[in-house]
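Work through the following exercises with the sequence and the model side by side, and try each task before you read its solution.

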Amino acid sequence: MIVTLTVNPSLDRLVTLGGPLRRGAVQRAGGTAADPGGKGVNVSRVVHAAGAGTVAVLPADQGDPLLVGLARLGVPAIPVPVGHEVRSNITVAEPDGTTTKLNAPGMPLALEAVRALEDVVVSVADGADWLALCGSLPPGLPDDWYARLARRLGARSDGPLLAVDTSGAALAASAIPGVALLKPNSEELAELVGLGADAGAAFESRAAAGDLAPARAAAEELHRATGATVLATLGAAGALLVTADGAWAAVPPPIAVRSTVGAGDSALAGYLIAHTRGATPPERLSLAVAYGAAAAAQPGTRAPRPEDLAVAGVQVTTL
């Protein structure tokens, strides 16, 4: 069972354009869609589509459009009432795969709702394989909220393995012993080891040219500092996996990118699915990259399914 917590979920609204985005102009959309979103919600959608057990914990009132969407997809969810509608995010997708995201900050959560979320997560996580703490924090929650929750869960002998996929100060505060898996992208990885966003872009460009040394050094530094397995996604260049047993790199098969929204979330889902099935580290990385690539090849925010994967086309290298 893979439990996800999305403390700042969203209804993801997609606008698909027939041509390049023109700032300041009026353009007719080629299509629109609205899907339940937020990093943990996306992970649960992928896990559910794979036929594996999952439940998504999130703050939302009964009848919220996000919950209606999850029910339509059949994704199990446990909502905690908050007294307001879930935020909406807008993604503009261009024909060449360029995506522009406009993310709302979300609404602050009342202290009672925060405590209820914590209690629900602790209860539902009993006996689970993984608990994934995912996404941004809504206004008002401290940067170390995930870390506090991780410490509370880590004190339980029957607790699940913990994965964290967030960004900024929340990610830095969560890079602590006891977290089993950290999933930064290239920019987040650079920031975690004290480098700037430009270094993250360089990680991707150099990896695409076959030079994995800078990204690998950063991922290994993060692993040594925290003891966590590091799954670092590098965009079109694939991903790196660093564990106590070694390091691996994987390159996805060639794809036509349609939307990168949710690709990192799908990669995390692929890794967690493989881990719960007893796969080896390189097999976990292979499935993670296959899922990330499949997500990028999908229109909008549709969760990739097993039949969308091209696992055989993923090239894994032992470093």
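**Exercise 1. Determine the order of the strands in the open sheet that 10 strands form, and find which strands stand at its edges.**

Solution. Begin with the assignment itself: helices (H or I, at least four residues) and strands (E, at least two) are DSSP runs, numbered from the N terminus, and two strands pair if DSSP finds at least two bridges between them. On that basis the order is β5-β4-β1-β8-β9-β10-β11-β12-β13-β14, with mixed pairing. At the edges stand β5 (77–80) and β14 (315–318), and because each has a single partner strand, one side of each is left without a neighbour in the sheet.

Next, take one pairing within the sheet: β9 (residues 161–165) and β10 (residues 181–182) run parallel and are joined by 2 bridges, and V164 is found opposite L182 of β10. Helix α8 (residues 213–226) packs on this sheet, where it touches β10, β11 (229–233), β12 (239–243) and β13 (246–251), and its direction makes about 35° with that of β12. Contact here means heavy atoms within 4.5 Å, while axes are lines fitted to C-alpha atoms, for helices over the stretch in contact, with angles running from 0 to 180 degrees between N-to-C directions.

Before going on, note the basis of these values: this is a predicted model, in which local features need pLDDT of at least 70 and side-chain atom pairs count only at pLDDT 80 or more, whereas totals for chains, interfaces and linings use all residues. Residues are numbered from 1 along each chain as its sequence is written, and side-chain values use heavy atoms, with hydrogens and water left out.

**Exercise 2. Describe the open sheet formed by 4 strands, and follow the pairing of β6 with β7.**

Solution. The strand order is β3-β2-β6-β7, again with mixed pairing. The edge strands, β3 (29–37) and β7, each pair on one side only, and from one strand to the next the twist averages 20°.

Inside the sheet, β2 (residues 10–17) runs parallel to β6 (residues 87–93), the two being joined by 7 bridges, with S88 in β6 as the bridge partner of L11. By contrast, β6 and β7 pair in the antiparallel sense over 4 bridges, and A93 stands opposite T99 of β7. These two strands form a hairpin with 5 residues between them, and G97 in the turn has a positive phi of about 95°.

Finally, helix α2 (residues 65–73) lies across β2 and β3, and runs at about 90° to β3. As for L102, which belongs to β7 (residues 99–102), its contacts beyond four places in sequence are N89 and I90.

**Exercise 3. Find which helix gives the most residues to the largest nonpolar core, and establish what surrounds its buried residues.**

Solution. A nonpolar core is a set of buried Ala, Val, Leu, Ile, Met, Phe, Trp, Tyr and Cys residues joined through side-chain atoms within 4.5 Å, where buried means under 20% relative accessible area, exposed over 50%, and partly exposed in between (1.4 Å probe, protein chains only). The largest core has 51 residues, of which L5, V7, W145 and L153 touch the most other members. Helix α4 (residues 145–154) gives the most to this core, with 6 residues. Apart from this core lies another, of 33 residues, among them I2, W248, A274 and L309.

Within α4, the residues W145, Y146, A147, L149, A150 and L153 are buried, and what covers them includes β1 (2–6), α3 (111–124), β8 (130–134), β9 and α5 (168–174). Beyond four places in sequence, W145 touches L5, V7, V114, E118 and L137.

**Exercise 4. Classify the ring pair of W145 and Y146.**

Solution. Rings of Phe, Tyr and Trp (its six-membered ring) pair if their centres lie within 6.5 Å, and planes under 30 degrees apart count as stacked, over 60 as edge-to-face and the rest as tilted. The count by this rule is 1 aromatic pair. The ring centres of W145 and Y146 are 5.8 Å apart and their planes are at 50°, so the pair is tilted.
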